[in-house]
Amino acid sequence: MNKTDRQLAIMLELQRNKILKAEDLASLFETSVRTIYRDIQALSEMGVPILGAPGQGYSLMEGYFLPPVRFNADEAVALLMGSDFIEQRLDGDYEKAARAARRKIEAILPEPVREESTRIQETMRLLQTGEPASSWREKNNVALTRLAMMERRKLRIAYMKRMPETDGNRKSTREIAPYGLVLVQGNWVLIAFCDLRQEIRHFRLSRITELTVLENHFLIPPEFNLNHYRPPDDRTERVLIRANPEIKDNITETCHFYMESIEEKNGELLVEFLVRRPEELLSYILGWSADVEVLEPKSFRARIREEAIKMLKRY
């Protein structure tokens, strides 16, 4: 980044943040603190009203705004595709906002940049996944969840768990405090404190069949930060399979979350998984059919055999 671009970027960062230290700017732009001091001095001499407080950092004088920013073709494509993504995955309010933002971005682009960005967009496309019905329900759940999070109100949900309990029941009713939404592999996951379990749990929005915003309010613990949050790994069950090496790609693409190790030996593929319950792998194992064999644990091996016998009787 040359000096002129860096100084413009410094102004943009100061406009975006209330106050920034020289050390923060130096780290952001990968330069020295002394260079940042020189840039700040140069900007001040050009008439940019930058305020400095010893020990606190720099800020722009309140009410000062930069002139409109120009985008190159790649930057425009990034913003336009981002607006497409928001329109597809969020609820009505953000759909409208995304369309309005796209129109504004396209309106301010110079004709050559607009033409180039259009050409680039014609080579890439974002596709919405899932059935229309489930997509509508998920968007509705996103809207209500956003409302609850902004107003710090609890939710009551009816949830269809992926794995049934020992009695075969999959449905559960919970009251939860919604802390945040995360998009994981194309699926919205709600991070929330569950009153029933008295701990943070994860709820996939597509599995929430009923959702009600309650009047009860909640407080997010000061130590919780969604950007830094990492769920604890509670996978303790080990599953070992022997597989045909020809389906290695299939296994690694569909079960990478569970996979602990994979090794080719004597023309066979040995794969080790860690899961909460072996049944989490049941549909995958059956889908790989005769190309895999469960070696451990013996109880899960017997479970696969039972399912194979049931399937044989159907055919």
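In this predicted model, helix α10 supplies the largest share of the lining of the second largest pocket, namely five residues. The elements that give two or more residues to this lining are α9 (282-287), β11 (292-296) and α10 (298-314). The space inside the second largest pocket comes to about 280 Å³. Its lining is made up of I285, L286, S289, A290, V292, E293, V294, R301, I304, R305, A308 and M311. Sorted by chemical character, the lining residues of the second largest pocket comprise eight nonpolar, one polar and three charged.

Pockets of this kind are found by a simple idea. Rolling a probe the size of a water molecule over the atoms shows where empty space is left.

The strand β11, which contributes to that lining, also belongs to a sheet. This open sheet has four strands in the order β9-β10-β8-β11, and their pairing is antiparallel. Because β9 (259-265) and β11 stand at the edges with a single partner strand each, one side of each is left without a neighbour in the sheet. On average, and with direction ignored, neighbouring strands of this sheet are turned by 25° against each other.

A general principle helps in reading such an arrangement. Strands of a sheet pair through backbone hydrogen bonds, either parallel or antiparallel.

Within the four-stranded sheet, β10 can be followed through its pairings. With β9 it pairs in the antiparallel sense over six bridges. One residue of this pairing is S261, whose bridge partner in β10 is E272. Another is I262, which stands opposite V271 in β10. The hairpin of β9 and β10 has two residues between the strands, and in this hairpin N266 takes a positive phi near 55°. The pairing of β10 with β8 is likewise antiparallel, and it extends over seven bridges. Here E237 has V275 in β10 as its bridge partner.

Beyond the end of β10 (268-275), the chain passes through a loop to α9, and E280 is placed in this loop. Is E280 buried or exposed? With a relative accessibility of 6%, E280 counts as buried, because the term applies to residues under 20%. The side chain of E280 makes a polar contact, at 3.2 Å, with the side chain of Y258.

The model also contains an open sheet of five strands. Their order is β6-β5-β4-β3-β7, and the pairing is antiparallel. The edge strands are β6 (199-204) and β7 (208-217), each of which pairs on one side only. Neighbouring strands of the five-stranded sheet are turned by 45° against each other on average, direction ignored.

Two strands of this sheet, β4 (residues 171-184) and β5 (residues 187-194), run antiparallel and are joined by eight bridges. In this pairing, I176 stands opposite C194 in β5. Strand β4 also holds R174. This residue is buried, since its relative accessible area is 6%. A polar contact of 2.7 Å links the side chain of R174 to the side chain of S172.

A residue outside the strands offers a contrast in exposure. N225 is found in the loop between β7 and β8 (237-243). With a relative accessible area of 34%, N225 is partly exposed. Although N225 and Y179 are 46 residues apart in sequence, their C-alpha atoms are 9.0 Å apart in space.

Strands of the five-stranded sheet lead to the largest pocket. Which elements give two or more residues to its lining? They are β4, β5, β6 and α8 (248-254). Among them, β6 gives the most, with six residues. The largest pocket has a volume of about 1,800 Å³. Its lining consists of 37 residues, and those nearest its centre are V189, H202, R207, F257 and R276. By chemical character, the lining of the largest pocket divides into 15 nonpolar, five polar and 17 charged residues.

Technical notes:
Residues numbered from 1 in each chain as written. Predicted model: local features only at pLDDT ≥ 70, side-chain atom pairs only at ≥ 80, totals over all residues. Heavy atoms only, no water. Pairing = 2+ DSSP bridges. Axes fitted to C-alpha atoms, helices over the stretch in contact; angles between N-to-C directions. 1 Å grid on protein atoms, 1.4 Å probe; cavity = no way out; pocket = protein on both sides within 12 Å on 5 of 7 lines; lining within 4 Å. Points joined across faces, edges and corners; volume = space filled by probe spheres on them. Nonpolar A, V, L, I, M, F, W, Y, C, P; charged D, E, K, R; others polar. Buried < 20%, exposed > 50% of the residue type's maximum accessible area, 1.4 Å probe, protein only. Polar contact = N/O pair within 3.5 Å; in protein donor to acceptor, adjacent residues only side chain to side chain.
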